[in-house]
Each structure stands twice: as C-alpha cells, then as structure tokens.
Amino acid sequence: MAEMETMDDFSRELENSLRVLKEGDLVNCIVTGVSESEVSVDFNYMAPGIIRALDYSGDPRFSIKNDVKVGDEITAAVLRSDDGRGNVLLSRRQAVEELAWADFKKMLDDETVVEVKIAEAVKGGVVTYLNGVRAFIPASQLALDYVEDLTTFVGQTVPARVITADADKRRLVLSSRDVLKERREAERASFVSNIQPGLVTEGTVQSLQPYGAFVSLGNGVDGLVHISQISSTKRLKHPSDELEVGQTVKVKVTAIKDGRISLSIKALAESDAPVEAVEEEKVEIPKSEELTTSLAGLLSGFKLN
C-alpha cells in the first residue's frame, strides 16, 4: 500500500511539473528562502518560484526579513513563466488582492466593522491597508468633526466600514465617521435611558439665559434650571447673579416632559442627597437604519445638542 501511495505522489508531482502556467494563475506555495530582495518558493513545478519584495506586499510597513519565514504557506499569482533566470516570477500581492475583493464585497454587504491603522495622509484624505490592499478614507469620512490636519491621524488605529468596493477599478473606500456616529448615538441612548426624575448628579453650565441656565449632563444631553430653581436664599434678577458658564453644579432632575429635562439646584438645598453618576450601559449597536429609527423614538422627549 505504501508503494502505491508513493507512485500516486510521484504521479501528482509529474503532473504538476508538466502543467502549463498562464499569467494570473493562482498557485499554493511554501517559502523555501528569504533574502533582502526576494522570496524563493516551491509550488511543485519543474522550475522554482521567485517573489520580489515589491510583489510580496503593498503595505509600506511590510518587512521582507521580519514578516516572511521559511516554511510559510502562501498563495501567489503567476506574473511570468520565466524571469530570464529560469525561475517562475510570482506575486503574492496580486493573489492577496484577487482573493480579498470577494471579502470586501461581503464586508460591504454585511456592514462589517474593522480596525485599520492609518498609514499616510494624502490629498483629500488618508490611506490605510485592509487585508494587504490599499484603501482610502476621505477626510469627510475620517471623524465626526472637521479634521484640519490629517497628518495627526497617521499611526492611529480607527474603526471603519467598507463603503465602496470596486474590484474592476481597484477602488476600496472606507468610512470611520459612520461607525463613530453610530457608537456616539448608542452611547447617548444608553445615557438618556438612565436619566430619571429624582436623579441627583453633576453637570456643567453651558449657557445663561434670562429665564434660566442650561446645564450639560454629558453626551450632548442638556437640562434647564429655571431661574426660580437656582437659589433657595434669594430672588435672582438674572442667572448670572449666581452662576457662570463652565461652572460645575449639583442638580436634581425634577421632570422630563415635552422634550425637556427640568433640573433644580434649589431642591437640593434642603437635602443631603448624594451625587449619582449617570452610568452608561453597554448596548448592542444595531445597523444604521435600525438605530436611526429606535433613537428617534427614544430621544424624542429629550433636548440634545
């Protein structure tokens, strides 16, 4: 039986060695050698395979000496059946890209969130690499707010989602802003769900109006302390007689009605109620369209920045 298996193995090796290679064919290889400029591979063919450093990876962070090891199993694409030295010229980079585009299409359809590291800043956005393929994040899709200096993001790892995956044009575009927006709104939803009448917490005075003070409770949620609810010892002509913008104040939630959160400082003067931090619960982030619908209902009764 062992002899039969040996003959079968020999037959397969002979068949592989005689097969005709065409440009673009994908072959499975085992790394047999690594130098400063190229990688040698064995792929059961009559001639050895060579992958030049520039054809191994498109990622500028790639190091042929540090990232490639003898014995690595890889897939490569045929560039030329003869490089002029009797070797088959292969490209791992091309093979990775060919195989990756199907994954990118699935990521696009599934709205998959990935973590990517920004490699460089270019005109109109930044460049990163996803599964070894160059991807572009437009400046408008990089953050929640306008980014004046794109170079500050180089080296940072950001969450992102595929928004364009055009295999024919080799165009891969990502968005970090979409993911960040969903996460922020999920945090707000969690935060708001923990605000109830009777809650005593701290906030920051955001603005002063003749009728009262708007106090930020965090995560873009504001409440109003009516002028009559600021002081328990004197009648104020204007909130600025007692408060100033940026001041941290202890407040009590007295009511949530008609899209407004009513707060009181005065109500705390006669009690020693401890400050209760508004905690954020971890919530499962749904897809964009589901999140928008649920938040519309959840936040309809609150004043948000």
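This text walks through a predicted model, starting from its nonpolar cores and moving to two helices, a loop residue and the aromatic pairs.

The largest nonpolar core has 22 residues, and those touching the most other members are Phe104, Val116, Leu130, Ile137, Leu142, Leu172 and Leu174. Two or more residues each come from helix H4 (92-110) and from strands E6 (113-122), E7 (125-130), E8 (133-138), E9 (157-166) and E10 (171-175). H4 gives the largest share, four residues. Leu142 shows what surrounds one such member: leaving out residues up to four places away in sequence, Leu142 touches Ile118, Val126, Ile137, Val147, Leu150, Phe153, Ser176, Arg177 and Leu180. A second core, separate from this one, has 20 residues, including Leu199, Ala213, Ile261 and Ile265.

Helix H4 can be followed from its start. There, a side-chain oxygen of Ser91 comes to within 3.5 Å of the backbone nitrogen of Arg93. H4 has 19 residues, so at 1.5 Å a residue it should span 27 Å, and this agrees with the 27 Å between its end C-alpha atoms. Along the way, H4 bends by about 30° at Ala100. Ala100 is also one of the buried residues of H4, together with Ala95, Glu97, Trp101, Phe104 and Met107. After H4 comes Glu111, with a positive phi near 55°.

Arg93 also has a contact from another part of the chain. Ser57, in the loop between helix H2 (53-56) and helix H3 (64-67), is in contact with Phe62, Arg92 and Arg93 when neighbours within four places in sequence are left aside. Ser57 counts as buried because its relative accessibility is 17%, under the 20% limit.

Helix H5 (residues 177-193) passes the same kind of length check: its 17 residues should span 24 Å at 1.5 Å a residue, and its end C-alpha atoms are 24 Å apart. Its buried residues are Val179, Glu182, Ala186, Arg188, Ala189, Ser190, Phe191 and Val192.

The structure holds four aromatic pairs. One of them, Trp101 with Phe104, is edge-to-face, at 5.2 Å centre to centre and with 90° between the planes. These two residues are three apart in helix H4, so about one helical turn separates them. Both Trp101 and Phe104 are buried. Tyr211 and Phe214 also form an edge-to-face pair, because their planes lie at 90°, with ring centres 6.3 Å apart. Here Tyr211 is partly exposed, at a relative accessible area of 40%, whereas Phe214 counts as buried at 10% relative accessibility.

Key
Residues are numbered from 1 along each chain as its sequence is written. This is a predicted model: local features need pLDDT of at least 70, side-chain atom pairs count only at pLDDT 80 or more; totals for chains, interfaces and linings use all residues. Side-chain values use heavy atoms; hydrogens and water are left out. A nonpolar core is a set of buried Ala, Val, Leu, Ile, Met, Phe, Trp, Tyr and Cys residues joined through side-chain atoms within 4.5 Å. Buried means under 20% relative accessible area, exposed over 50%, partly exposed in between (1.4 Å probe, protein chains only). Contact means heavy atoms within 4.5 Å. The expected span of a helix is 1.5 Å times one less than its number of residues. The bend at a residue is the angle between axes fitted to the seven residues ending there and the seven starting there. A polar contact is a pair of N or O atoms within 3.5 Å; within protein, one must be able to donate a hydrogen and the other to accept it, and residues adjacent in sequence count only if both atoms are side-chain atoms. Rings of Phe, Tyr and Trp (its six-membered ring) pair if their centres lie within 6.5 Å; planes under 30 degrees apart count as stacked, over 60 as edge-to-face and the rest as tilted.
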